[in-house]
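Biologist: Could we go through this structure together, one topic at a time? I shall keep my questions short.

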Number of protein chains: 2
Amino acid sequence: MAELSDRKRQILKVVVEDYVRTAEPVGSKAIAAEMGGSVSSATIRNELADLTELGYLEQPHTSAGRMPSPKGYRLYVNELMEEQRLSLAETERINRSLQLKMEELNRLLTQAGRAVSSLVRYPAYVAAARKSGVTARRFELLPVDERNCILVMMTSDSRVKSQLLRMQLKLEPEQLPAVAGLLNGRFTGVAPEEMSRRLMAAAEQTAPQQFLLLSQAVSYAADCLEAAGRPEIVTAGASRLLKLPEFRDADKAHELMSFLADSKEELPQPMHREMEILIGPENVKEALRDASVVVASYDIGDGMRGLIGVVGPTRMDYAAVAARLSGFAEGLTRLFGNQELPPKEEPK
Amino acid sequence: MAELSDRKRQILKVVVEDYVRTAEPVGSKAIAAEMGGSVSSATIRNELADLTELGYLEQPHTSAGRMPSPKGYRLYVNELMEEQRLSLAETERINRSLQLKMEELNRLLTQAGRAVSSLVRYPAYVAAARKSGVTARRFELLPVDERNCILVMMTSDSRVKSQLLRMQLKLEPEQLPAVAGLLNGRFTGVAPEEMSRRLMAAAEQTAPQQFLLLSQAVSYAADCLEAAGRPEIVTAGASRLLKLPEFRDADKAHELMSFLADSKEELPQPMHREMEILIGPENVKEALRDASVVVASYDIGDGMRGLIGVVGPTRMDYAAVAARLSGFAEGLTRLFGNQELPPKEEPK
DNA sequence: CTTTAGCACTCCTTTTCCAAGAGTGCTAAA
DNA sequence: TTTAGCACTCTTGGAAAAGGAGTGCTAAAG
């Protein structure tokens, strides 16, 4: 793969940027004009032929303009694309959209997804990578009345879940500490599957009334811990696809949209780098094969990372999307950072 | 509005059902055939002319077949439609799809939505009507370490929320009961807005370290209670719209899909009857004007009702959708009923 | 009075054809 | 190596034509 001449590279850049803007194949004349008339369209045509030969450009048919191939986009993204600086106003806007009370994680993700999507005008997705291997750290049972009590569980990653438990059998309040003791003694620090096993084991050694409550508590806890392992992904703005000319065809749109709705889990989740761009066929998933994905990761704390990504046509404004996504990623990192700060700024 | 002759009614019925199946205007010949050849197509034509005159049918243009007008659908739904019995297999399937562990309410709704949508092949939405006027019934503060404690709140509708609170100032464990006492004494049984007011009032009378914690707790509690008042609505299967001929037009599809995504709260939520059918222009919301909505309500317990609905083209198979929806509504009612049963089947 | 066959007529849909336009690839000259 | 010129290709849009489905009306039959 030989080096491309400077002029070829510039031409490729113009083609990509023009095509991104107009969604129409771009012709030699337009390119010549855009390059300031320093060369004629005929020269451009020669170069275009070369670039096509080399696989950077494609032609829908003879006598149409050229459009970038995935390989062309790739070169553009890797070498030609200029880092886009966000305007102050836009940075502002990103930060404002993150300035919400940190309610439930879920709501935050939804918000962030919507904000990204509306900013870049493509569908977006957000994931808070959750740690697998989360275990229970401590249990607490609070009496309510003789038939109900509240289970509180604190997890190894310092989150809290609680649930009202209805007891089949009346239980004296005095018995609660005993059950709580069992929970704390045998069910902390272990994986959900192991919890079920230990529950079996405890069956014989425990008084029946206590065991009934114990098993309710354990199965709720196991459910929660397991759910904490599954990453939660939310998507937003999927219907924006319909505004794009490449998805005017209802079948294409349907394929991608139902993928976004039903198989979010399979959206690219590369954690290696700050930002990853997957162009068309570089995607493994069939449904994404003629779409592109730009995804950035952000820091959640605890060395954990979340993801925030955008799905669009291969003809995507990569520079703009990338800039905005990293803006968001920074914002989110800061947000989570602040959350963690208080307990750390101790040495005053 | 005079009575329609039996034959006219039958013809209308045939037109609706044919049109629902094929999405093509139906002609006199087809109708004659479907009615068993007892009358000729010419007769049918006369009747069709009458029905059109009366506003039950429409013609896209002079020499096309007829299709039902909203008024026609309405008559069909009110009088002509036969209650469709679900096959055993289908009832089975509905119940199976609801046979999941009652995890979080949210997950249940999502599941139910998907199940409905896949069964009727139209987009669906589900809402668990939440009670407004929920208040806190009891608070509990559990110590974790000197900087953290857990707030547990039990609400007036017997649900439990909890949250880890990080304290800006170190607080001796002995002080927690005092704060908990304040919470239970002044912040139970009142609306969120009132809570903030009382928090103000408490500012002066409380030790600063305690107040800091108190205000964190109160604002979290107020947020939760307020969120409990907002009904949560989930949609599913929106992309199915794209499979329907009436939404091949990307603009139309976009309008409705973004409505479903961004304005779910404005989907019809009539609570009056078991089931409600809104046909085309009967919908108030602009975006639903050329769609139809079928919505059923189910019993959550506490005299509260939830909703489960389907959105589709005016040309919807009302009979099939209605049957399946009421199947689901029953299933959900039973599900919630069972949940409530244990504490009630007391007198054994 | 109702039903039916027959037929002219309307209007949509599809196909076909043509002209225009955009853009290329090649050649030959600068 | 670049450029002008030109023939050629292929799409696009529109007009015209052919085909078809279905109606509405009329007149006759039940």
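**Sheets, chain pairing and DNA**

Modeller: This is a predicted model. In it, S5(A) and S6(A) pair in the antiparallel sense over seven bridges.

Biologist: Which residue of S6(A) stands opposite A:Val152?

Modeller: A:Ser162 in S6(A) stands opposite A:Val152.

Biologist: What is the strand order of the open sheet of three strands in chain A?

Modeller: The order is S4-S5-S6 in chain A, and the pairing is antiparallel. S4 and S6 of chain A are the edge strands, since each pairs on one side only. Direction ignored, neighbouring strands of this sheet are turned by 20 degrees against each other on average.

Biologist: Which helix packs on the sheet and touches S4 and S5 of chain A?

Modeller: Helix H7 of chain A, residues 176-186, does so, and its direction makes about 170 degrees with that of S4(A). Helix H9 of chain A, residues 208-229, lies across S4, S5 and S6 of chain A. H9 runs at about 35 degrees to S5(A).

Biologist: Let us move to the five-strand sheet. What is its order in chain B?

Modeller: The order is S7-S3-S10-S9-S8 in chain B; this is an open sheet with antiparallel pairing. Its edge strands are S7 (232-236) and S8 (275-279) of chain B, each of which pairs on one side only. From one strand to the next, the twist averages 15 degrees.

Biologist: How many bridges join S9 and S10 of chain B?

Modeller: Strand S9 (residues 291-301) and strand S10 (residues 304-313) of chain B pair over 10 bridges, in the antiparallel sense. One of the residues involved is B:Ala296, whose bridge partner in S10(B) is B:Ile308.

Biologist: And what holds such strands together in general?

Modeller: Strands of a sheet pair through backbone hydrogen bonds, either parallel or antiparallel.

Biologist: Change of topic: how is chain A divided into domains?

Modeller: Domain 1 covers 6-80, domain 2 covers 88-129 + 232-340, and domain 3 covers 136-229. The C-alpha centres of domain 2 and domain 3 of chain A lie 38 Å apart.

Biologist: How many residues of chain A are in contact with chain B?

Modeller: There are 31 residues of chain A in contact with 31 residues of chain B. On the chain A side, strands S4 (136-143), S5 (148-155) and S6 (160-166) and helix H10 (250-262) each supply at least two residues. H10(A) gives the largest share, six residues. By class, the side of chain A that touches chain B has 15 nonpolar, seven polar and nine charged residues.

Biologist: What turn lays chain A on chain B?

Modeller: A turn of 179 degrees with a shift of 0.1 Å along the axis does so, giving an RMSD of 0.1 Å. That is the relation of a two-fold axis.

Biologist: Which C-alpha of chain A is nearest the axis?

Modeller: That of A:Ser162, which is 3.0 Å from the axis. The same surface serves both copies, as 100% of the contact residues of chain A recur in chain B. A:Ser162 is also the residue that stands opposite A:Val152.

Biologist: Now the DNA. Which residues are closest to strand C?

Modeller: The closest are A:Gly27, A:Ser28, B:Ser40, B:Thr43 and B:Ser63, out of 20 residues that surround DNA strand C. Helices H2 (28-34) and H3 of chain A, together with H3 of chain B, each give two or more residues to this surface. H3(A) provides the largest share, four residues. The surface near DNA strand C has seven nonpolar, 10 polar and three charged residues.

Biologist: And which are closest to strand D?

Modeller: DNA strand D is surrounded by 19 residues, and the closest are A:Ser40, A:Thr43, A:Ser63, B:Gly27 and B:Ser28. H3 (41-53) of chain A, with H2 (28-34) and H3 (41-53) of chain B, each supply at least two residues of the surface near DNA strand D.

Biologist: Which helix gives the largest share there, and what are the residue classes?

Modeller: H3(B) gives the largest share, four residues. The surface near DNA strand D comprises six nonpolar, 10 polar and three charged residues.

Technical notes: Residues are numbered from 1 along each chain as its sequence is written. Chains are lettered from A and ligands numbered from 1 in the order in which they are written. This is a predicted model: local features need pLDDT of at least 70, side-chain atom pairs count only at pLDDT 80 or more; totals for chains, interfaces and linings use all residues. A residue is near a molecule or strand if its C-beta atom, placed from the backbone, lies within 6 Å of it. Ala, Val, Leu, Ile, Met, Phe, Trp, Tyr, Cys and Pro count as nonpolar, Asp, Glu, Lys and Arg as charged, and the others, Gly among them, as polar. Domain bounds come from an automatic or database domain assignment. Two residues are in contact if their C-beta atoms, placed from the backbone, lie within 7 Å. Copies are superposed by least squares on the C-alpha atoms of residues with pLDDT of at least 70 in both. Two strands pair if DSSP finds at least two bridges between them. Axes are lines fitted to C-alpha atoms, for helices over the stretch in contact, and angles run from 0 to 180 degrees between N-to-C directions.
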